[in-house]
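Colleague: I should like to learn how to read this model feature by feature. May we take the features in turn?

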Amino acid sequence: MKKSPTIFVVPTGIGCEIGGFAGDALPTAKLLASASGCLITHPNVMNGGALSEKDRNIFYVEGYSLDRFARGEIGLKSVKQQKIGIIFDSGIEHKILIRHLQVADACVATLGINVDSYVLTKKPLSILIDSDNSKISGGIIENPDTLIEAGTTLIEKGVTAIAIVAKFPDDSGSEGTNSYREGKGVDPISGVEAVISHLISKFLKVPCAHAPALTPLDLNERLDPRAASEEIGYTFLPSVLIGLSNAPDLIELPNKNELITLHPNQLESIVVPHGALGGEAVLACVERGLNIISVKNQHTLKVTNQFLKYPNLIEVNNYLEAAGIILSIKKGINLTSIQRPLKRIQEISLND
Amino acid sequence: MKLIKVDFCLDWPGSIEVINLRKYVIRNLIKKGEVIRWSIIDIQNSKESYDIKKLRINAVLAN
C-alpha cells in the first residue's frame with residue numbers, strides 16, 4: 001500500500017489535553033504512523049521522560065526543522081544510526097550531571113545507541129521562564145552564544161546529532177508545576193525547551209532535542225497519568241537519546257547529491273489540534289494547499305478556521321477519526337463517499 | 001546574540017489571502033529581529049473594519 005506522508009503537530013506549551021504532557025501523544029503518533037505509513041513529528045510528541053519508543057514509520061524531527069520541512073526547504077534522509085553528542089548546561093549541579101552521564105552510559109550499554117561524547121557550556125545558559133502568560137508557556141535563555149559554541153565544538157568532533165540538557169530553575173513547589181503534574185495546566189517549561197532546541201536547529205542544522213535537568217520532585221499522590229513518565233527516573237534524557245538515535249539527517253534543498261528518503265513535495269497532510277492553526281508548519285501547509293486535519297483536542301488557543309477560511313481543512317472529533325481520514329487519503333477514497341447524506345453530482349454550466 | 005520575547009498585535013488585511021499569511025507575518029517579524037520561534041496565538045475580527053482581522057503574535061527573536 002502506498003504511503004501518505006503526514007505531519008503530526010501538537011504545539012508545545014498550550015496545554016493540549018492529548019500531547020500536552022509527558023509523551024502522552026506517543027500512542028496517537030503510533031496510530032497515525034500506522035495509518036499514513038509515514039509520519040513526521042517532533043520530540044515533545046515522542047519524549048516521555050524515561051519512556052519512549054522507536055517506530056520505523058516515524059521521522060523524529062525537531063520543531064524548527066519540521067517547520068523548514070513543511071516550508072519545503074529541507075528533505076529527510078533515513079540513517080541507521082546517529083552519532084550523538086550531549087551539551088550539558090554548566091549550571092547543572094554535579095550530582096545531577098553524574099545522573100545524566102550514567103543515563104548516557106546506560107543507553108550505550110543497554111540499547112546500543114551511539115552516544116559519543118559530551119561538552120559543558122562555558123557559561124550557564126541561564127533560563128528565564130515567562131510566567132506572565134497563562135495561555136502559552138514561554139521564556140528565553142540569557143546566554144544563547146554559549147549554547148551554539150558548545151554545539152559547534154561537538155559537530156567539529158564528528159557528532160551528527162545533539163542532545164541538550166539545560167538546568168531549569170527549581171520551581172517544584174510552584175502553582176504552575178503542581179497544576180501540570182495534576183493534569184490541569186500548561187507545561188511551564190516547554191516553551192523555553194523549544195527555544196533551546198530551535199537555536200541548535202537554526203544555527204547548526206543537525207537533528208537535536210532537549211531534556212531539562214530538574215531537581216527531583218516530592219511524591220505527589222494526585223499525579224495525572226499523562227505526567228507520570230516524567231516521575232520514573234532521575235532524568236528525562238533516555239527518551240531524547242532514543243529519539244535521536246536514528247533521527248533522519250536534514251538535507252538542504254535543492255540537493256542532487258544526497259539520497260533523500262522523504263522529500264517535502266511528497267507531503268500530503270498535517271494533523272493539528274483544532275484551534276491551533278497559527279503555527280508555522282500549519283501555515284506552510286496552507287501555503288502549499290495540503291490537507292489540514294484539525295482534531296478536537298482541548299487547549300488554551302482559539303485560532304480556528306472560522307478566521308482562516310482555508311477550504312482544504314477537515315475537522316474531526318478525535319485522533320481515531322483522523323486516522324480514518326488519513327487511510328482514506330492514502331487509498332484515494334473520496335471522503336464524501338463514506339458520509340451521509342450523499343449528494344448527486346452537480347452539473348456545471350458551459351457558460352460559467 | 002541576545003534573545004527577546006515579543007507579543008504584539010498585527011492587522012491582517014483582507015487583501016492578503018490565507019495562503020500568503022505566513023509570509024506576511026514573517027515580513028513583519030524580521031523587522032524586529034531574527035526569528036527563532038513564533039505563532040499566532042489569537043485572531044479576532046476588527047471592530048473598526050470588517051475587512052481586517054487582528055492577529056496576536058507571540059515570538060522569540062534574536063538580535
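Modeller: Let us begin with burial in chain B of this predicted model. Of the 63 residues in chain B, 25% are buried.

Colleague: Which elements does chain B contain, and in what order do they run?

Modeller: Chain B has one helix and three strands, and from the N terminus on they follow the pattern β-α-β-β. The C-alpha trace of chain B spans about 40 × 20 × 15 Å along its principal axes. Among contacts in chain B between residues at least 6 apart in sequence, 60% join residues at least 24 apart.

Colleague: How should the sheet of chain B be read, and what is its strand order?

Modeller: A sheet is read by strand order, by pairing sense and by its edges. In chain B, three strands form an open sheet in the order 1-3-2, with antiparallel pairing. Strand 1 (3-13) and strand 2 (34-45) of chain B are the edge strands, each pairing on one side only. From one strand to the next, the twist averages 20°. Strand 2 and strand 3 (residues 52-62) of chain B pair over ten bridges in the antiparallel sense; Q44(B) has K54(B) of strand 3 of chain B as its bridge partner.

Colleague: Which helix of chain A packs on that sheet?

Modeller: Helix 7 of chain A does, touching strand 2 and strand 3 of chain B. The direction of helix 7 of chain A makes about 130° with that of strand 2 of chain B.

Colleague: How many residues does each chain give to the contact between chain A and chain B?

Modeller: Chain A gives 28 residues and chain B gives 19 residues. On the side of chain A, the elements that give two or more residues are strand 8 (138-141), helix 5 (144-156), helix 7 (190-204), helix 9 (280-287) and helix 10 (305-308). By class, that side of chain A has 16 nonpolar, four polar and eight charged residues.

Colleague: How is the packing of two helices described?

Modeller: Two packed helices are described by the angle between their axes and the distance between the axes. Helix 3 (residues 63-70) and helix 9 of chain A pack at an angle of about 5°, with their axes 8 Å apart. Helix 3 of chain A is therefore roughly parallel to helix 9 of chain A. L66(A), D67(A) and A70(A) of helix 3 meet E280(A), A281(A), A284(A) and C285(A) of helix 9 of chain A. This contact has five nonpolar, no polar and two charged residues.

Colleague: In what order do the strands of the six-stranded sheet of chain A lie?

Modeller: The order of this open sheet is 3-2-1-12-13-14, and the pairing is parallel. Its edge strands are strand 3 (58-60) and strand 14 (313-316) of chain A. Strand 12 (residues 269-273) and strand 13 (residues 291-295) of chain A pair over five bridges in the parallel sense, and V271(A) stands opposite I293(A) of strand 13. Helix 11 (residues 319-331) of chain A packs on the sheet, touching strand 1 (6-8), strand 12, strand 13 and strand 14 of chain A.

Colleague: Why does K30(A) count as partly exposed?

Modeller: K30(A) lies in helix 1 (residues 26-36) of chain A. K30(A) counts as partly exposed because it has 16 C-beta neighbours inside 10 Å, whereas a buried residue has 20 or more.

Technical notes
Residues numbered from 1 in each chain as written. Chains lettered and ligands numbered in written order. Predicted model: local features only at pLDDT ≥ 70, side-chain atom pairs only at ≥ 80, totals over all residues. Contact = placed C-beta atoms within 7 Å. Helix = DSSP H or I, 4+ residues; strand = E, 2+ residues; numbered from the N terminus. Nonpolar A, V, L, I, M, F, W, Y, C, P; charged D, E, K, R; others polar. Buried ≥ 20, exposed ≤ 12 C-beta atoms within 10 Å, placed from the backbone. Axes fitted to C-alpha atoms, helices over the stretch in contact; angles between N-to-C directions. Parallel < 35°, antiparallel > 145°, perpendicular 65-115°, else oblique. Pairing = 2+ DSSP bridges.
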